[in-house]
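Visitor: Could you take me through one part of this model up close? I'd like to hear about a single residue and what surrounds it, and then whatever else is worth a look.

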Amino acid sequence: SRGLGDVYKRQGYYIRSIGIKRYLLFFAYICIYLCSVSAGERHIYINAQKTRSQQNGTEQHPFSSLEQAMLFLNTDNRKRQRTETAKEPTVIHIDSDLKEEEAVFLAVPVKIIGKNNPRIVFGDNAGFIIDHTSLEIENCRISRTEKPTEPRTVPIIYGSDGTVTLSSVDISVREGSEAVILRNSTFSCRDTKLASVQTAPALLIRADKSVLEVDRSVCTAQGKTAVLFSLTDSSCSLMHTDCTVMSEYAGRIAVLRHSTIKADTLTCTNKAPAGELSDTAFIADTQSKVELIAQPELHGFVHAIEKR
């Protein structure tokens, strides 16, 4: 028979074994967690004022442009496609103003965070292209100024089967195309300013089969005619937002085709020439619906809604 000493020894061994197993499990968990964080929360830095021969996107050796950063990310994504798919966005920190002459094509999820509200200035016909992925932008000013003769086909943000999220962003386009074009996409903005100034007809956002949420934002369009939202087979929520159109002929907050708009705490201003106060804020076809939770504050509009 085994004595009590043998029993205690075996129990001690068992306890030590349990402790080792727990330690190993805990260590494995930490390794998995760190791997997931490193894979899901990659950070890249851009600073055009730090020009160095060695640029790898780190805080010490930042890239000098968004084009350079996205070339790195898209190339790296192609290498990883056989083993993993990017789920969490790569965080891009912008620490200086940028001048981007070429379009920025996104093939992976990206979140852009500006430091001290940097300005991103795009060249002619350049902007963000979001194709089957997502783009988040925080605390940035984005602009593009073109000649009136430039082709009016390229927006500053184009989403196709994508997701666009803006927070504390200022976007302005002068001449050129719409500020935003969406196809089968989701768009949301908060505490954001969107403006389009054109010598020709001005349209701020064009959406086809998309979902939009605009909250606590300011939307402006100026041109021969001016429309903020052109919606086809889409839905849009406008909350606590100021909408202004400035046009020579006709100004609209939204034109709907087979679409819906839900609005609350809305201020709609039409700065038409003196004596031309005959516009309607929302034009909708018979298959569309405009739901005004509270009557909008109208300035320069005769009617809120007209069905055609």
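Guide: Let's go straight to Phe128. Leaving aside residues up to four places away in sequence, Phe128 touches Leu66, Val104, Leu106, Ile112, Phe122, Leu135, Ile137, Ile142, Ile156, Ile157 and Tyr158. Keep in mind that this is a predicted model. The largest nonpolar core has 65 residues, and Phe128 shares with Ile92 the distinction of touching the most other members. As for who supplies this core, strand β10, residues 163-174, gives the most, with five residues.

Now pick Phe122 out of that contact list, since the rings deserve their own look. A pair of aromatic rings is described by the distance of the centres and the angle of the planes. By that kind of count there are two aromatic pairs here. One of them is Phe63 with Phe72, a tilted pair at 5.7 Å centre to centre and with 50 degrees between the planes. Its two partners sit in different settings: Phe63 is buried, at 4% relative accessibility, while Phe72 is partly exposed, with a relative accessible area of 36%. Phe122 and Phe128 make an edge-to-face pair, 5.1 Å centre to centre, with 80 degrees between the planes; that angle is over 60, so the pair counts as edge-to-face rather than tilted. Both Phe122 and Phe128 are buried.

On to the charged side chains. Those of opposite charge can pair when their charged atoms come close, and the structure holds nine salt bridges. Take Asp215 and Arg190, whose closest N and O atoms are 3.4 Å apart. Asp215 lies in strand β15 (residues 211-215) and Arg190 in strand β12 (residues 186-190), so this bridge ties together parts 25 residues apart in sequence. Arg190 itself is partly exposed, at 40% relative accessible area.

Asp279 and Arg252 form another salt bridge, with 3.6 Å between the closest N and O atoms. Here Asp279 belongs to strand β21 (residues 279-284) and Arg252 to strand β19 (residues 251-257), so the pair links parts that are 27 residues apart in sequence. Asp279 and Arg252 are both buried.

One more to round off the tour: Glu101 bridges to Lys99, the closest N and O atoms being 3.8 Å apart. Glu101 has 47% relative accessibility, so this residue counts as partly exposed, given that exposed means over 50%.

Key
Residues are numbered from 1 along each chain as its sequence is written. This is a predicted model: local features need pLDDT of at least 70, side-chain atom pairs count only at pLDDT 80 or more; totals for chains, interfaces and linings use all residues. Side-chain values use heavy atoms; hydrogens and water are left out. A salt bridge is a side-chain nitrogen of Lys or Arg within 4 Å of a carboxyl oxygen of Asp or Glu. Buried means under 20% relative accessible area, exposed over 50%, partly exposed in between (1.4 Å probe, protein chains only). Helices (H or I, at least four residues) and strands (E, at least two) are DSSP runs, numbered from the N terminus. A nonpolar core is a set of buried Ala, Val, Leu, Ile, Met, Phe, Trp, Tyr and Cys residues joined through side-chain atoms within 4.5 Å. Contact means heavy atoms within 4.5 Å. Rings of Phe, Tyr and Trp (its six-membered ring) pair if their centres lie within 6.5 Å; planes under 30 degrees apart count as stacked, over 60 as edge-to-face and the rest as tilted.
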